[in-house]
Amino acid sequence: MDTQEQIADKKQRIADALGMMERAGIIDFNGHMSARIGDNRILINSGASVRSAMTAADIIEIDLDGQPVNGDIVPPMEFHIHASIYRQRPDVGAVAHTHPIWSTLFSSVGRKVEPVIMQAAMLGEIQQFPKTASINTRDLGDELASCLGPHRIAMLKSHGAVVAAEGILEVFVLAYYLEETAHRQYLASQLGQPDVLNAEQIQKINANLWKPHLLKKAWDYHLAKLHRTTSC
């Protein structure tokens, strides 16, 4: 179980990540992010939180059944996405459900987001969840978690994306790179057929880019933009 200091830090980082994603068009008035703090406890933004004005006070603690640990503020109805992934994936420390514009367009027409830029090498094999539905039951959450399997990203048909990784930093960066990849793939396709990285390229580039200081570089860039806009 995390210490109170660690919990406070994670609350702030979740709030920052959601604020950065909202400003980057990766979430809208919906969307949620969580972090594991114990075997049966997670932090997640409340269902009523305003995504464009997120603070650490909007991050609540719940158990994996969705019950608030302190107080009576309830989580998003799709908390099952997070709970089911944490149950099935002990390696996962953070999860986000996003509503990205460009990558969701691909899932809406049954096309895959392909690794057409270098940063896409870090996304791994993107899974496709074939149902268009709110993941608001444990059965659906378990089905989605099984679809995700050992991977980092699953697209929900016409709905959005789910990103799971070891920490808040990694989840944010992956969510951003997913949307950036889809956007550039769409733009490039207007000019011709985009080149797609092969398996050898993906392995080499991922090894070069999946490093803490490079992931933090992307985080710091967006965090500075968040602070600039909120201070105006």
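Leaving aside its neighbours within four places in sequence, which residues is His-80 in contact with? In this model, which is a predicted one, they are Ile-135, Asn-136, Thr-137, Arg-138 and Gly-141. One of these can be described in more detail, since a polar atom of the His-80 side chain lies 3.4 Å from the backbone nitrogen of Arg-138.

His-80 itself is found in helix 2, which covers residues 79–88, and with a relative accessibility of 14% it counts as buried, because the limit for that label is under 20%. The helix around His-80 shows a similar picture: 8 of the 10 residues of helix 2 are buried, so the rest of the structure largely encloses it. Those buried residues are Phe-79, His-80, Ile-81, His-82, Ala-83, Ser-84, Ile-85 and Tyr-86. As for what they pack against, the list includes helix 4, residues 138–148, together with strand 1 (32–38), strand 2 (41–45), strand 3 (59–63), strand 4 (94–98) and strand 7.

Let me turn to the aromatic residues, where the count comes to 3 aromatic pairs. In one of them, Trp-102 and Tyr-186, the ring centres are 5.2 Å apart and the planes stand at 40°, so this pair is classed as tilted. Trp-102 belongs to helix 3 (residues 101–108) and Tyr-186 to helix 5 (residues 168–189), so the pair ties together parts that are 84 residues apart in sequence. Trp-102 is partly exposed at 24% relative accessibility, and Tyr-186 is likewise partly exposed, with a relative accessible area of 35%.

Another pair, Phe-172 with Trp-219, is edge-to-face, with 5.6 Å from centre to centre and 85° between the planes. This pair also links distant parts of the chain, as Phe-172 sits in helix 5 and Trp-219 in helix 7 (residues 212–230), 47 residues apart. Here both partners, Phe-172 and Trp-219, are buried.

Trp-219 has a further neighbour to mention, for Arg-13 lies over the face of its ring, at 4.8 Å from the ring centre. A comparable arrangement is found at Trp-210, where Arg-152 lies over the face at 3.9 Å from the ring centre.

Finally, a point of backbone geometry: Ser-158 has a positive phi of about 60°, although it is not a glycine. Ser-158 is placed in the loop between strand 6 (153–156) and strand 7 (160–165), and with a relative accessible area of 35% it is partly exposed. Strand 7, which follows that loop, is also among the elements that the buried residues of helix 2 pack against.

Note on methods:
Residues are numbered from 1 along each chain as its sequence is written. This is a predicted model: local features need pLDDT of at least 70, side-chain atom pairs count only at pLDDT 80 or more; totals for chains, interfaces and linings use all residues. Side-chain values use heavy atoms; hydrogens and water are left out. Helices (H or I, at least four residues) and strands (E, at least two) are DSSP runs, numbered from the N terminus. Buried means under 20% relative accessible area, exposed over 50%, partly exposed in between (1.4 Å probe, protein chains only). A polar contact is a pair of N or O atoms within 3.5 Å; within protein, one must be able to donate a hydrogen and the other to accept it, and residues adjacent in sequence count only if both atoms are side-chain atoms. Contact means heavy atoms within 4.5 Å. Rings of Phe, Tyr and Trp (its six-membered ring) pair if their centres lie within 6.5 Å; planes under 30 degrees apart count as stacked, over 60 as edge-to-face and the rest as tilted. A charge sits over a ring if NZ of Lys or CZ of Arg is within 6 Å of the ring centre and within 35 degrees of the ring normal.
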